[in-house]
Every structure is written in C-alpha cells, then in structure tokens.
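User: Hi! I am new to protein structures and would like to learn how to read one. Could you walk me through it?

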Amino acid sequence: MSSNIPINQVDPTAPTPQNTPLTHAPIAAGLSRPTVPDITEDNEPEEEETGAIQQAMLGLVHGKLSGLVGKSSGYVESLPVEVKKNVEALKGVQVKQIELQNQYKRECLELEKKYLELQKPLYDRRQAIITGAAAPTTEEIEAGEQQSAKDDPDYTPLPKDVAPASTGIPEFWLTALRTHVAFSDIITDRDAEALKSLTDIRIEYLPTTEKKPGFKLRFFFAPNDFFENEVLDKTYLYQEEVGYSGDFVYDHAIGTEIKWKEDKDLTKEFEVKKQRNKNTNRTRLVRKARPTASFFNFFNPPQPPSDDAIEDVDEDELEELEEKLEMDYQLGEDLKEKIIPRAIDYFTGKALEFEEYDDEDDFEDIDEDDEDEDDYEDEDSDSDAEPPARRRGPPKGRGAGGNASSNPEECKQQ
C-alpha cells in the first residue's frame with residue numbers, strides 16, 4: 001500500500017521537454033557530486049578556496065533552475081496541430097492504462113481478503129493459546145522448537161516433562177507493541193496498565209460495497225479499570241482511485257470513541273488549582289483536564305482539511321498536519337503488514353533484526369543553554385498524577401497523531 005498522503009492532491013510532474021526538474025539537471029548533478037580531497041598543510045587553503053567557488057556556483061545554478069521547475073519550455077506549444085493531436089491521443093491511451101491499474105489494485109485487495117480469510121483459523125488458534133483458552137499441542141511446540149533451532153544454532157530445546165502453562169502468555173500484546181519502534185515511543189507507563197488487558201488485535205478489510213476501499217484494525221480488551229469498550233476500532237480509508245505511483249492513496253482514518261471510566265481518561269492529565277473569591281474571601285478547588293501524550297490518542301486520528309479550508313491553513317501548520325497524518329498512517333500499515341501477521345516475532349524480539357534504524361552518526365548534538373526548571377515554581381497548582389513516563393525504544397520513534405485541540409474540561413469543587 002502506498003504511504004503517500006497528498007493533502008492538496010497535486011500530481012507530480014514527470015520530466016518532459018515542458019519542464020526542467022532541478023534534481024535531474026545535468027549541471028546541478030555535476031556540481032553536487034561529492035569529492036574527498038586530500039587534507040594536507042600544503043593544499044588546504046587552495047581546496048578551501050576551490051570549495052567556496054564551487055558552492056557559490058552551485059548556489060547560482062540552483063537559483064536559476066529553481067525558477068524553471070515545472071514551467072513550460074514552449075516545445076509542446078510549438079508543435080503543429082497534427083502532432084498535438086497525437087499527443088492528446090497518448091493521453092487518452094493512458095486513461096485506459098490507469099483504469100486497468102485501478103482494476104488491478106482492486107483485485108489485489110480481493111486477493112488479500114481471500115488469504116486473510118484462510119488465515120483466520122490460525123489467528124483464532126493463536127488467540128486461544130495467548131489467553132489460555134486452549135493448550136498448545138505437542139506438534140505445535142515441536143514445530144516452534146524446530147524454527148527456533150533454525151534461527152539460532154545454539155538454541156536449547158525445552159524439557160519434555162514440563163506441561164505448557166494453563167494461563168497462556170501474560171502481557172503478550174503489550175510486549176509485542178513495545179518491541180515495535182514507533183509504538184514503543186508512544187506507550188506511556190499509564191497506558192501499559194490498560195494495555196495489559198489487550199487480548200487480541202485483528203484486521204478486517206472493508207466490504208466491496210463500500211465506496212472507498214480500506215481496512216479496519218480491531219483491538220479486543222478484557223474487562224479493565226479504564227474504559228467500558230470491549231473492542232476499539234481504527235478504520236483506514238483509501239481514495240477511490242490509485243495515485244500517480246499506481247498505488248492506493250491514504251484518505252483519512254476513523255477511530256472509536258473510548259468510553260472512559262470516571263477519572264481514568266489516559267489521554268488527559270488533570271491539574272487542580274486553588275482559587276480565592278475576591279468578595280467573599282472563600283477558596284475553592286478548580287480541576288482542569290488538558291490533553292497529554294498517550295497510546296490511546298491513536299483512536300482519535302488527525303483529519304486532513306477540506307479543499308475549501310486548506311487555503312486558510314498556515315503553511316507551517318499544514319506541514320505539521322501532513323507529518324501527523326503520515327505517522328498515523330504508517331502506524332496502521334505497520335500493524336497491518338508487520339505486527340498482526342508476525343506478532344510472535346515482535347513478542348520475542350526477533351522482528352528487530354529486520355527493522356531499519358537511523359544511523360546515530362547521521363545526527364549531531366545541538367548545544368543549547370537549557371533553562372533551569374528549578375527557577376520556576378507553580379504555587380497554585382497541584383497535579384493529580386505524575387506526567388506520563390514514556391518507555392523509550394530504539395531510535396527512529398514516531399508518534400501517534402492524536403487530536404490535541406480538545407477543549408479542556410473543568411470540574412469545580414466547593
């Protein structure tokens with residue numbers, strides 16, 4: 001599935017005589033080619049001077065070419081009418097190609113549905129073993145040990161005279177999610193208490209009767225102290241037609257409204273302030289709720305602006321929203337393509353061998369004078385709970401796109 005999330009729906013322009021893409025310009029490519037000169041005392045000043053000249057030339061060329069990107073060179077407009085008709089004919093041929101591509105992607109989706117249905121008994125069996133509803137068979141255990149020996153030549157087989165635990169595997173899904181790089185970054189310690197009751201995660205594809213294709217992620221929970229829902233759903237919708245790259249394009253997501261129990265909303269933290277009435281001199285406690293980081297913001301996804309409203313959105317806000325949409329979509333895709341089908345690999349940590357991380361050498365420390373937090377003191381406030389501590393994962397963590405624009409709720413106590 002495609003991870004492109006174009007908000008303004010502007011198709012990229014392929015290189016043609018009508019435009020001059022900056023990244024494909026031969027002059028720019030030549031100037032930007034990296035060189036590794038010898039560092040010696042004799043030639044160091046000369047190389048510095050040469051490098052400065054090259055940088056100046058590169059900046060000049062980039063400045064000239066940036067004004068030509070996407071602009072017509074006049075070639076197509078200058079073609080005879082007879083040739084222009086051939087050009088239009090090719091556009092008509094491409095329309096039919098795109099129609100076939102749409103049909104192809106739809107049929108691929110149906111094929112995915114078919115094999116998901118074939119895997120359903122295996123997912124049922126997995127859930128039964130995790131929850132302790134059924135004991136694993138000898139054949140299943142032996143097959144697992146064979147795979148473990150294949151993965152690790154030093155693997156030591158388990159004793160034959162020990163029976164499997166009747167309680168299943170505690171905190172299976174919490175452990176699997178925390179092993180994933182992005183989810184590890186957004187699951188707080190408070191979230192972990194609620195996620196201990198997570199018993200299964202499933203995927204369902206939307207029926208073909210729906211106008212837009214997509215899929216639904218289903219999180220099943222045992223009774224817990226935090227919310228009433230037994231199932232939390234997150235539905236991802238694609239646009240009706242495939243994108244320019246020939247793949248589905250993410251449209252938007254819809255999450256379940258969580259029915260939190262009293263004072264158990266993990267997406268908010270509460271602050272208590274003391275207020276004094278100027279006239280009566282009486283005091284009261286005001287309790288306010290404000291949004292906070294939480295895994296459960298995943299079920300309150302960011303929404304792209306409408307075509308009419310996008311013009312009123314600030315460029316920086318639009319860029320931030322695009323990042324949130326991309327992160328939210330990637331979390332859903334990772335659940336669909338990685339965590340759900342290979343949950344046991346994330347539980348054991350084997351999946352980390354196949355994850356790609358950013359090289360720490362690609363980053364450098366930024367020296368800033370941090371302000372001393374001890375210089376600040378809030379005398380009028382008292383928080384109900386400590387700030388949610390995050391369990392940090394490996395580098396390249398990504399956050400869930402929660403809706404941070406929730407209006408704070410107030411609960412006043414006399």
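**Reading salt bridges, burial and a helix**

Analyst: Happy to! Let us begin with one pair of charged side chains: Lys336 and Glu337 form a salt bridge, and their closest N and O atoms are 2.3 Å apart. Keep in mind that this is a predicted model.

User: Are the partners Lys336 and Glu337 buried or exposed, or something in between?

Analyst: Burial is read from relative accessible area, with buried meaning under 20% and exposed over 50%. Lys336 has 6% relative accessibility, so Lys336 counts as buried. Glu337, at 43%, counts as partly exposed.

User: How many salt bridges are there by this rule?

Analyst: The count comes to 26. One of them joins Lys105 and Asp247, with 3.3 Å between the closest N and O atoms. Lys105 sits in helix H3 while Asp247 sits in the loop between strands E3 and E4, so the pair ties together parts that are 142 residues apart in sequence. Lys105 counts as buried because its relative accessibility is 13%, and Asp247 counts as buried at 17%.

User: What does the salt bridge between Lys196 and Glu171 look like?

Analyst: Their side chains meet at 3.9 Å, N to O. Lys196 belongs to the loop between helix H7 and E1, and Glu171 to the loop between H4 and H5, so this bridge ties together parts 25 residues apart in sequence. Lys196 is partly exposed at 38% relative accessibility, and Glu171 is partly exposed at 36%. Salt bridges can also link up: Lys120, Asp124, Asp200 and Arg202 form a network of them.

User: You mentioned helix H3. How many residues does H3 have, and what distance does it reach?

Analyst: H3 covers residues 81–131, which is 51 residues. From its first C-alpha to its last, H3 reaches 72 Å, close to the 75 Å expected at 1.5 Å a residue.

User: Where in H3 is there a kink?

Analyst: Look at Gln119, where H3 has a kink of about 40°. The proline Pro121 comes shortly after that point. Just past the helix, H3 is followed by Gly132, which has a positive phi, near 85°.

User: Which residues of H3 are buried?

Analyst: Here is a general idea to start from. An α-helix has 3.6 residues a turn, so residues three or four places apart point the same way. In H3, the buried residues include Asn102, Lys105, Leu109, Lys113 and Leu116. Tyr123, Arg126, Ala128 and Ile130 are buried too.

User: What do the buried residues of H3 pack against?

Analyst: Their partners are helix H5 (172–179), strand E1 (198–205) and helix H9 (343–348).

User: Which residues form a nonpolar patch on the surface?

Analyst: Leu111, Tyr115 and Leu118 form one, with about 320 Å² of accessible area together. Leu111 is in helix H3, and Leu111 counts as partly exposed because its relative accessibility is 48%.

User: Which residues is Glu145 in contact with, leaving aside its neighbours within four places in sequence?

Analyst: Glu145 is in helix H4 (residues 138–151), and at 11% relative accessibility it counts as buried. Its contacts, with those neighbours left aside, are Tyr155, Pro157, Leu158 and Lys160.

User: And how many helices and strands does the protein chain have?

Analyst: There are nine helices and eight strands. The protein chain has 414 residues, and 29% of them count as buried. Among contacts with a separation of 6 or more, 68% come from residues 24 or more positions apart. The accessible surface of the chain is about 27,900 Å², and 49% of this belongs to carbon and sulfur atoms.

Definitions and conventions. Residues numbered from 1 in each chain as written. Predicted model: local features only at pLDDT ≥ 70, side-chain atom pairs only at ≥ 80, totals over all residues. Heavy atoms only, no water. Helix = DSSP H or I, 4+ residues; strand = E, 2+ residues; numbered from the N terminus. Expected span 1.5 Å × (residues − 1). Bend = angle between axes of the 7 residues up to and from the residue. Buried < 20%, exposed > 50% of the residue type's maximum accessible area, 1.4 Å probe, protein only. Contact = heavy atoms within 4.5 Å. Patch = residues over 30% accessible without salt bridge, like charges linked within 9 Å, V, L, I, M, F, W, Y side chains within 5 Å. Areas by Shrake-Rupley, 256 points an atom, 1.4 Å probe, with all protein chains shown as cover. Salt bridge = Lys/Arg side-chain N within 4 Å of Asp/Glu carboxyl O.
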